[in-house]
Each structure stands twice: as C-alpha cells, then as structure tokens.
Amino acid sequence: MVAHPPCTFLTGSGVQWLSNPEDKDLPFEERRSHPKYPNRRQDMLDSVEFVKALYNAPIKNIAIENPVGLLSSRWRKPNQIVQPYMFGDEATKTTCLWLKNLPLLLPTNVVGRGERTFFASGKSHPQWYADALRNAKTKAERQTLRSKTFEGMAMAFAEQWGAFNTETK
C-alpha cells in the first residue's frame with residue numbers, strides 16, 4: 001500500500017489555525033481555539049491516529065507519504081525525505097516517507113530544483129506552488145493543485161517498490 005493521507009490537518013502550515021490570533025502572546029496552553037476552526041486541534045490529533053492505523057494495517061509493505069508536519073512530532077520521524085528533483089521533475093516539495101518493510105527510494109534522475117518566486121519579504125515559494133495559488137479558482141482547486149504528487153516520484157514508487165514487492169514473494 002502506498003498511502004497519501006490528506007495533509008489538511010497534518011502539515012506545519014495548518015498550525016496557524018490552532019489558536020485565536022488575539023492570544024498569540026499567551027503561553028500555548030492558555031490560548032483559546034481559533035474562532036474560525038474551533039475543532040482544529042482535535043482534527044489534527046485524529047489525523048495522526050488515522051495515519052497510525054494505516055501503518056498498522058495487516059499489509060506487509062506500506063509507504064505513507066506526507067509533507068513535513070505533525071507526524072514527525074506526534075508519531076515518529078520519517079524513514080526518508082525526498083524531493084521531486086531527485087526523480088526528474090524540476091521542483092521542490094519536501095516529501096516525507098514512512099516505510100514498513102520497503103527499501104528507501106533511490107534517486108532516478110537528479111535535475112535542477114526548479115524556479116522560485118520571491119516576495120518583498122525575502123520569502124519564496126517554488127514556482128509551481130506560486131502558480132497553483134495564483135491560478136486556482138476555488139479553495140478546493142488550490143488544495144488539489146498543492147497536494148500533487150509529481151510524476152517522477154510516483155513512477156519511482158511504482159517501479160522500485162513494485163519490483164521489490166514482486167521479488168519478495
């Protein structure tokens with residue numbers, strides 16, 4: 001199984017929606033829930049439990065893919081962190097892999113890291129990400145574009161782990 005659980009409640013970027021913005025100067029444990037997302041904290045904890053259940057499924061070989069976020073602090077560190085540029089796509093998107101009875105992925109075609117869009121603040125986003133933010137017409141479309149798995153990485157999953165699974169039978 002190669003699982004891509006929804007990252008909505010698992011990514012580091014979602015932490016900004018945990019607490020009421022008025023409470024930013026208070027110690028974390030004294031902050032109130034965000035008024036727009038009052039259940040966010042529980043949704044995050046439930047999402048971690050969902051991923052743990054996936055990993056503990058009675059399946060011999062499992063890979064769970066997700067960005068850097070809550071899983072590393074609330075569950076365990078990933079077995080591997082990969083980037084699309086390691087598999088032929090000129091882009092960065094830090095992707096964590098939690099593996100059960102599977103080998104680490106081997107890079108297949110290391111290319112450039114891709115273009116970036118820089119902001120006046122000095123921060124930057126990968127160009128593909130900035131394009132997704134700019135071109136999406138709805139929140140749902142933006143989420144879909146941002147959650148993409150790049151083709152080269154998906155091919156590496158299929159070719160390397162598919163071959164491994166065939167060899168170990």
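Two strands are said to pair if DSSP finds at least two bridges between them. In this predicted model, strand 2 and strand 4 (residues 95–100) meet that condition, pairing in the antiparallel sense over six bridges.

**Overall architecture**

The chain contains five helices and six strands. Read from the N terminus, its elements follow the order β-α-β-α-β-β-β-β-α-α-α. Along the principal axes, the C-alpha atoms fill a box of roughly 55 × 40 × 25 Å. The chain has 169 residues, of which 36% count as buried. It exposes about 10,300 Å², and carbon and sulfur atoms supply 55% of that area. Among contacts between residues at least 6 apart in sequence, 54% join residues at least 24 apart.

The charged side chains number 23 positive and 17 negative. The centres of these two sets lie 2 Å apart.

**The sheet**

Four strands form an open sheet in the order 1-2-4-3, with mixed pairing. Its edge strands are strand 1 and strand 3 (80–82), each of which pairs on one side only. In general, strands of a sheet pair through backbone hydrogen bonds, either parallel or antiparallel. The table lists the pairings of this sheet.

| Strands | Sense | Bridges | Residues opposite each other |
|---|---|---|---|
| Strand 1 and strand 2 | parallel | two bridges | Ala-3 and Ile-64 |
| Strand 2 and strand 4 | antiparallel | six bridges | Pro-67 and Thr-95 |
| Strand 3 and strand 4 | antiparallel | three bridges | Gln-80 and Leu-97 |

Strand 1 (residues 2–3) thus enters the sheet through its parallel pairing with strand 2. Between these two strands the chain passes through helix 1 (residues 40–55), and strand 1, helix 1 and strand 2 together make a right-handed β-α-β unit.

Strand 2 (residues 62–67) has five of its six residues buried, so it is largely enclosed by the rest of the structure. In the sheet order 1-2-4-3, strand 2 stands between strand 1 and strand 4. On the strand 1 side, Ile-64 of strand 2 is opposite Ala-3. Towards strand 4, the bridge partner of Pro-67 is Thr-95.

Strand 4 in turn pairs with strand 3 in the antiparallel sense over three bridges. There, Gln-80 stands opposite Leu-97 of strand 4.

**The loop after strand 4**

A loop lies between strand 4 and strand 5 (116–118), and Asn-101 has its place in this loop. Although Asn-101 is not a glycine, it has a positive phi of about 60 degrees. Asn-101 has a relative accessibility of 47% and therefore counts as partly exposed, a class that lies between the limits of 20% and 50%.

Leu-102 also lies in the loop between strand 4 and strand 5. Its relative accessibility is 14%, so Leu-102 counts as buried, the limit for that class being under 20%. Leaving aside neighbours within four places in sequence, Leu-102 is in contact with Asn-61, Ile-62, Ala-63, Trp-161 and Phe-164. Of these partners, Ile-62 and Ala-63 fall within strand 2 (residues 62–67). By contrast, the C-alpha atom of Leu-102 is separated by 33 Å from that of Ala-140, a residue 38 places away along the chain.

Definitions and conventions:
Residues numbered from 1 in each chain as written. Predicted model: local features only at pLDDT ≥ 70, side-chain atom pairs only at ≥ 80, totals over all residues. Heavy atoms only, no water. Buried < 20%, exposed > 50% of the residue type's maximum accessible area, 1.4 Å probe, protein only. Contact = heavy atoms within 4.5 Å. Areas by Shrake-Rupley, 256 points an atom, 1.4 Å probe, with all protein chains shown as cover. Lys, Arg positive; Asp, Glu negative; His and termini not counted. Charge placed at Lys NZ, Arg CZ, Asp CG, Glu CD. Right-handed = clockwise from strand over helix to strand, strands pointing away.
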